[in-house]
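Please look over the sequence and the model shown here before reading on. The report that follows takes up a few topics in turn, beginning with the chain as a whole.

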Amino acid sequence: MADKVSRWLAKNAPKREDLAENRLMRPFAGRVLRSDLWRFTRRSVPRAVGLGLFVGIFLMIPGLQIIGAALISVPFRANIPIAAAMTFLSNPATTPFILLASIGVGNTLGFHADTGTFYSLYERGAGIGEWFSWLASDAAPSMVVGLAIISAVAAVVGYFVSKWGWRWWTGRKWRRRQLRTLFSSTDSESV
């Protein structure tokens, strides 16, 4: 399964060379296309997971999430493709749950947002104007504070889980390599 995913990513993910030829990327190419931002290392991957989760949950605007994650990856020397991929945690299926959780977190911290209004707007498929008028009420501070806390917690958890996952994966590779060399050396001695 992992091989299929990695092959699919290698085939479909944009290459650094493709982005360098893009006319919209030319002004930023010197910084964004540095090779260290595209390598998968033990330091750049956990940073990218944390930054991608933070931006993906906090920003909540689909096109800007990927751009924001890519731009914030530059000063933190995080892997850009991983950071961009982690923004997909917030998608149309998870966004209502993230927003409700953020309102709940904001309400427990003393802000006030009416979740009943949120449910009714969601149920009847309210227009953008109705959503903005609801946000202009006391809902905005509650939601923004809640999003900040949830995104920060998700970023920290994602950072440490990916750091642990990286160590586990590389340790597994080393153990397999040691076993292969051990078995190959014992086979050659027995002959």
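## The chain as a whole

What percentage of the 191 residues in the protein chain do buried residues make up? In this model, which is predicted, buried residues account for 28% of the 191 residues in the protein chain. The protein chain contains nine helices and zero strands, and reading along the sequence gives the pattern α-α-α-α-α-α-α-α-α.

It is also worth asking how the contacts are spread along the sequence. Among the contacts in the protein chain that have a separation of 6 or more, 68% are made between residues 24 or more positions apart.

## Helix 5

Helix 5 covers residues 62-76, which makes 15 residues, and from its first C-alpha to its last it reaches 22 Å, close to the 21 Å expected at 1.5 Å a residue. The buried residues in helix 5 are Gln65, Ala69, Ala70, Ser73 and Val74. Just after helix 5 comes Arg77, which takes a positive phi of about 55 degrees.

## Two buried residues of helix 5

Ala69 has its place in helix 5, and Ala69 counts as buried because its relative accessibility is 0%, whereas the cut-off for buried is under 20%. Leaving out residues up to four places away in sequence, Ala69 touches Val55, Ala83, Ala84 and Thr87. Ala69 and Ala48 are 21 residues apart in sequence, and in space they are 8.3 Å apart, C-alpha to C-alpha.

Ser73 is likewise found in helix 5, and with a relative accessible area of 0% Ser73 is buried. When neighbours within four places in sequence are set aside, Ser73 is in contact with Leu37, Leu51, Ala78, Asn79, Ile80 and Ala83. For Ser73 and Gly52, which are 21 residues apart along the chain, the C-alpha atoms are separated by 8.5 Å.

## Nonpolar cores

Which residues touch the most other members of the largest nonpolar core? They are Leu99, Ile103, Trp134 and Leu147, in a core that has 13 residues. Helix 7, helix 8 and helix 9 each supply at least two residues of this core, and the largest share, four residues, comes from helix 9.

Trp134 can be followed further through its contacts, for Trp134 touches Ile103, Asp114, Thr117, Phe118, Leu121 and Ala139 when residues up to four places away in sequence are not counted. Apart from the largest nonpolar core lies another core, of seven residues, and among them are Val32, Leu33, Leu37 and Trp38.

## The second largest pocket

The second largest pocket has a volume of about 690 Å³. Its lining is formed by 24 residues, of which Met60, Ile61, Pro62, Thr95 and Leu99 are the closest to its centre. Leu99 was named earlier too, as one of the residues that touch the most other members of the largest nonpolar core.

Which helix gives the most to the lining of the second largest pocket? Helix 9 does, with eight residues, while helix 4 (44-59), helix 5, helix 7 (95-108), helix 8 (115-123) and helix 9 (128-190) each supply at least two residues of that lining. By type, the residues of the lining divide into 20 nonpolar, four polar and no charged.

How values were computed: Residues numbered from 1 in each chain as written. Predicted model: local features only at pLDDT ≥ 70, side-chain atom pairs only at ≥ 80, totals over all residues. Heavy atoms only, no water. Expected span 1.5 Å × (residues − 1). Buried < 20%, exposed > 50% of the residue type's maximum accessible area, 1.4 Å probe, protein only. 1 Å grid on protein atoms, 1.4 Å probe; cavity = no way out; pocket = protein on both sides within 12 Å on 5 of 7 lines; lining within 4 Å. Points joined across faces, edges and corners; volume = space filled by probe spheres on them. Nonpolar A, V, L, I, M, F, W, Y, C, P; charged D, E, K, R; others polar. Core = buried A, V, L, I, M, F, W, Y, C linked by side-chain atoms within 4.5 Å. Contact = heavy atoms within 4.5 Å.
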